[in-house]
Amino acid sequence: MTDRRFLLLCAGEVLVVAVGNLLAALVIQILVLAAFLDDRRSYPVLIAAVALYAATVAILGHVLLSLIVLAVILICGYAVLTLHDYRLTQWAGGSA
Amino acid sequence: MMRPTRTTGGVAALALVLTALAIIIESSAAVIAAGSLTIFLLWRAGRFSRDFYALAASLTVSRDVDRTILRQGAEAHVRVRVDLALPPGMEVRVRDILPAVAVGTAPLVESGESATYTIRIMAPGRTAFGGVVLSARDTYFSYDLRIRHFNKPDLRAFPVRGTESGGGREGSGMQEFEVDKRATLEGPAVRGFRLYRLGDDPRLIDWKISAKHNVFYVRELTGLEGGTPLIVVDLPIREGDDHEAFTRYSMIIADAIERAIEARTGCSLLVLAGGEVTRFLSGTSDLGEAFAALGGLAPVESRAPLYRAPGSAILSMRARLPVGRDGPERAYRAKLGRVLANFVRESRSPFGDAVAAALARVEATEVHLYTLARGDSSHLTQVIHQAKARGMRVVAKMPRGAPIPPGVDAMEAI
């Protein structure tokens, strides 16, 4: 990714924050990320996950609670990746 | 462990900024932006992890070593080929992990490519490769995985005859080991073993090792692989009446030539007297011709001393640009290289040219340099560096305790 594309991503995020409306923010966010990617294999999975999180934010209606949910998602994701990494290392019979 | 790239760091920093902004301005849109980027990174990590697993599962490594049973310190040439199913957007490289007791540098190999490199097994006993390191990276993550499955073939090194002295010049990069005189006079030593090929001389089959491994192994003799050896004879300068030493020296050389010719297809002969080539015989298998070239040799007065002149091979080595360095040293080296190049063009060395022409004519991979190591050794230094520049292995055969010229691969006492 070039620096220019990263700057475009930053500009897109500013637009997402500025738009205010949750649904519009979700649509713009999905478009920005799509423009940001070269390889869009399994991109629908990402759209579904982001939409699910947006629905959670809308239901909770509270910023801090939404961020706590995000932290839980992050910890769970990290744990899954670490487990996968451990299994891969075991399979290879060595250390990473 | 998976490592994030600079891009991932940037996206994570952006997500953190948006999180802080969401808390400050209490904006749900900012929460969605921060959450989307976090989920995006997790998604990319998951995809990279899945792709990498598929990549590792598809990896096949075929490794061939020209000899699997070899002498301690001897070279083995390794050819490795890597094949894998490359996922889109991923850069992949594979590097061999050398046996723990081997020295050498394994190159990075890309998918579908082959690479050849050289290792030396420095300790006797059984050993094996440590596997490979699979390195992959995409825009967001990178991963280096050590895979130990690909550790074939097993190698076996047997100890060198004689004792390793380790008394060479420090930092000269030489490997010195002494061989007792009796062993030296026994003829070519066994450098290693390889599998029997159709047409090999049955007398070269090593029955003991063949019986142990249930497959025929043949002995490979030092100096006889890849063509005939080049025997370089350095005539000593005349000082005093040391006829006995010179007679013994002549007998050792005659014996070496006789054995080289009898053992295979012949040898080449280059006779030096200081900075002068006096005789040269290329690839002869005629013993009489070789002895005729040696006939009448005696210690000489040096007519063309080189006075420590380094020769073009060493000059070009000094002027070579260091890889990856930058700054004033690189500029200095570049300038030095231009000066030396002009100097070499303007001032040719007849001795250097004669040696280079002789080396170009012989099909040898090994140079046996016989010398009594008396007086100035500049001419030997030039010969050694010319040979090294052509990828030849140089074995110096000289009296025990004599100063060893730089660049020699091995020294044997005579």
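Student: How many residues does the contact take from chain A, and how many from chain B?

Tutor: The contact takes 39 residues from chain A and 41 residues from chain B, where two residues are in contact if their C-beta atoms, placed from the backbone, lie within 7 Å. On the side of chain A that touches chain B, helix H1 (3-19), helix H2 (22-36), helix H3 (43-60) and helix H4 (63-92) each supply at least two residues, and H4(A) gives the most, with 12 residues. Keep in mind that this is a predicted model, in which local features need pLDDT of at least 70 and side-chain atom pairs count only at pLDDT 80 or more, while totals for chains, interfaces and linings use all residues. Residues are numbered from 1 along each chain as its sequence is written, and chains are lettered from A and ligands numbered from 1 in the order in which they are written.

Student: What makes chain A follow the pattern α-α-α-α?

Tutor: Chain A has four helices and zero strands, helices being DSSP runs of H or I with at least four residues and strands being runs of E with at least two, numbered from the N terminus. Read along the sequence, that gives α-α-α-α.

Student: Why is B:Ala298 called exposed?

Tutor: A residue is exposed if 12 or fewer other C-beta atoms lie within 10 Å of its own, buried if there are 20 or more, and partly exposed in between, with C-beta atoms placed from the backbone. B:Ala298 has 11 of them within 10 Å, and therefore it is exposed. This residue is found in the loop between helix H6 (287-294) and helix H7 (312-318) of chain B.

Student: What makes a group of residues a nonpolar core, and which residues have the most contacts inside the largest one?

Tutor: Such a core is a set of buried Ala, Val, Leu, Ile, Met, Phe, Trp, Tyr and Cys residues joined through C-beta atoms within 7 Å. The largest has 63 residues, and those with the most contacts inside it are A:Val16, B:Ala30, B:Ile32, B:Ala33, B:Ala34 and B:Leu37. Helix H2 (residues 28-58) of chain B gives the most to this core, with 14 residues. Apart from it lies another core, of 43 residues, with B:Leu269 and B:Met411 among them.

Student: Why do strands E17 and E20 of chain B count as edges of their sheet?

Tutor: Two strands pair if DSSP finds at least two bridges between them, and in chain B six strands form an open sheet with mixed pairing, in the order E17-E16-E15-E18-E19-E20. Strand E17 (277-284) and strand E20 (410-413) each have a single partner strand, so one side of each is left without a neighbour in the sheet.

Student: How do you know that E19 and E20 of chain B pair, and in which sense?

Tutor: Strand E19 (residues 393-398) and E20(B) share four bridges and run in the parallel sense; set against the minimum of two bridges, they pair. B:Ala396 stands opposite B:Met411 in E20(B).

Student: How confident is the predictor in chain B, and where does pLDDT stay under 50?

Tutor: pLDDT is the predictor's confidence in each residue, from 0 to 100, and chain B averages 78, with 81% of the residues scoring at least 70. Over residues 162-186 of chain B, pLDDT stays under 50. The model scores ipTM 0.92 and pTM 0.53.
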